[in-house]
Every structure is written in C-alpha cells, then in structure tokens.
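Visitor: I am new to this structure, and I would like to understand how its descriptions are justified. Could you show it to me before I begin asking?

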Amino acid sequence: MITLPHRLILIGSLFFVSLTPGNAMSLIPPLPPGSELKALLQDVERLNAALEQNPDLLSDTRLKDLELTGLVLKNVTLSNLHWRNVKLTRADWSNVTIEGATWIGVKMKESELDNVAFNRVYFNLDEAVYWGSTDFVKSRLHNVHFVESELIEVNIDKLRPSRLFF
C-alpha cells in the first residue's frame, strides 16, 4: 500500500521527468510507423492528402533515416516526435507547433516555415553519422519560435529573409 508521502514523491518524480528537456511530454513512447503510415511515407503526395484529413497523423512517431520532399503541414500541433536523420526538402509548414520532441540530425533544406513554434524540442546531432547535425539551410523561417528548446549543434545557414525568436 502506498502512503500519502510516497504518492507525492511519485507524482513529483513524474512531473520532473516530464519537464526534462529532450523527454517527450507524454509517458507513452513514440511508435515506429505502422504499415499504413510506412506506405504513406513512401509517397509524399498521398501523405499530404492523408494529413489534410488527419492533421496529427505524424504525432507520436519515431522516424529514422528517411527523406521527404514536399511535406505540407498546416494548422496542426504535433507532439512526441522522435526523428533521427530525417531529411525534409522543400517542406511547406504554416501555423504548426512541434511539442515535446527530439530531433537528432534532422535536416530542412529549401523549406518554407511560417508561424512555426518548436516548444520543448531537443535538437542535437547524430554522432554516428558524418555531418549529423540538425540543419535549417537555404530556407525561409518566418515567425519561427524556439521556446524552452535545447539547440545543440544546429546549423542555421543561408536563410532567405527570416524572423527567428529564441
């Protein structure tokens, strides 16, 4: 039987873990993509159509070693993303919030981000991959906010006119 002080310690410990940068805000670990999502990830046009119907389709996902060209996200909050070595080229994101995520070696190139917030996102490099840093290159980042996020080895280079908030 758990007594009252033990319950408080347990609740306090869970609260502390949930606020630690790099940990997802959910106690449910992200899952690798299921067979249906795997098929959609191979065809970005179908993925974009599916995202129009179900905008949070990519929430609670663990993606690794993937290239997506032309990913469109609009008016959505995605949470609990654990992405490693994902390359996003010509992505178009508008009014998007990424919460409680870990991005390791994610690269955005030639992308448009408009009103995007990264809230409690841990950005880092993948030391197992040559040039494994997280990059925002040749992109336009307009009204992009990094809130309570940790940026380690992040390259922001050759941006078109942009507006960033840290």
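Visitor: What pattern does the chain follow when it is read along the sequence?

Guide: This is a predicted model, and its chain, read along the sequence, follows the pattern α-α-α-β-β-β-β-β-β-β-β-β-β-β. The chain has three helices and 11 strands, and buried residues make up 39% of its 166 residues.

Visitor: Why does Leu-151 count as partly exposed?

Guide: Leu-151, which is found in strand β9, has a relative accessibility of 32%. Buried would require under 20% and exposed over 50%, so the value of 32% for Leu-151 falls in between and the residue counts as partly exposed.

Visitor: And why does Glu-150 count as partly exposed?

Guide: Glu-150 also lies in strand β9, and the reasoning runs along similar lines: its relative accessibility is 30%, which is neither under 20% nor over 50%, and therefore Glu-150 counts as partly exposed. The C-alpha atom of Glu-150 is separated by 6.4 Å from that of Val-121, although these two residues are 29 residues apart along the chain.

Visitor: What makes the nonpolar surface patch that includes Leu-151?

Guide: Leu-151, Ile-156 and Phe-166 make this patch, which covers about 280 Å². A patch residue needs over 30% relative accessible area, and Leu-151, at 32%, passes that cut-off.

Visitor: How do you know that β6 and β9 are paired, and how many bridges join them?

Guide: Two strands pair if at least two bridges are found between them; β6 and β9, which run parallel, are joined by two bridges, so they meet that requirement. Phe-123 stands opposite Leu-151 in β9.

Visitor: Which other strands are joined to β6, and by how many bridges?

Guide: Strand β4 (residues 92–104) is joined to strand β6 (residues 112–124) by 11 bridges, and the two run parallel; here Ile-104 stands opposite Asn-124 in β6. Seven bridges join β6 to strand β8 (residues 140–147), again in parallel, and in β8 the bridge partner of Asp-114 is His-142.

Visitor: Which residues of the largest nonpolar core touch the most other members?

Guide: Among the 36 residues of that core, they are Leu-88, Trp-93, Trp-103 and Phe-118. The elements giving two or more residues to this core include α2, α3, β4, β6 and β8.

Visitor: What is Trp-103 in contact with, leaving aside its neighbours within four places in sequence?

Guide: The contacts of Trp-103 include Trp-93 and Phe-118, and among the others are Leu-81, Trp-83, Met-108 and Phe-123.

Methods:
Residues are numbered from 1 along each chain as its sequence is written. This is a predicted model: local features need pLDDT of at least 70, side-chain atom pairs count only at pLDDT 80 or more; totals for chains, interfaces and linings use all residues. Side-chain values use heavy atoms; hydrogens and water are left out. Patches are made of residues with over 30% relative accessible area and no salt bridge: like charges are joined within 9 Å, nonpolar side chains (Val, Leu, Ile, Met, Phe, Trp, Tyr) within 5 Å. Accessible areas come from the Shrake-Rupley method with a 1.4 Å probe; for residues, only the protein chains shown count as cover. A salt bridge is a side-chain nitrogen of Lys or Arg within 4 Å of a carboxyl oxygen of Asp or Glu. Helices (H or I, at least four residues) and strands (E, at least two) are DSSP runs, numbered from the N terminus. Buried means under 20% relative accessible area, exposed over 50%, partly exposed in between (1.4 Å probe, protein chains only). A nonpolar core is a set of buried Ala, Val, Leu, Ile, Met, Phe, Trp, Tyr and Cys residues joined through side-chain atoms within 4.5 Å. Contact means heavy atoms within 4.5 Å.
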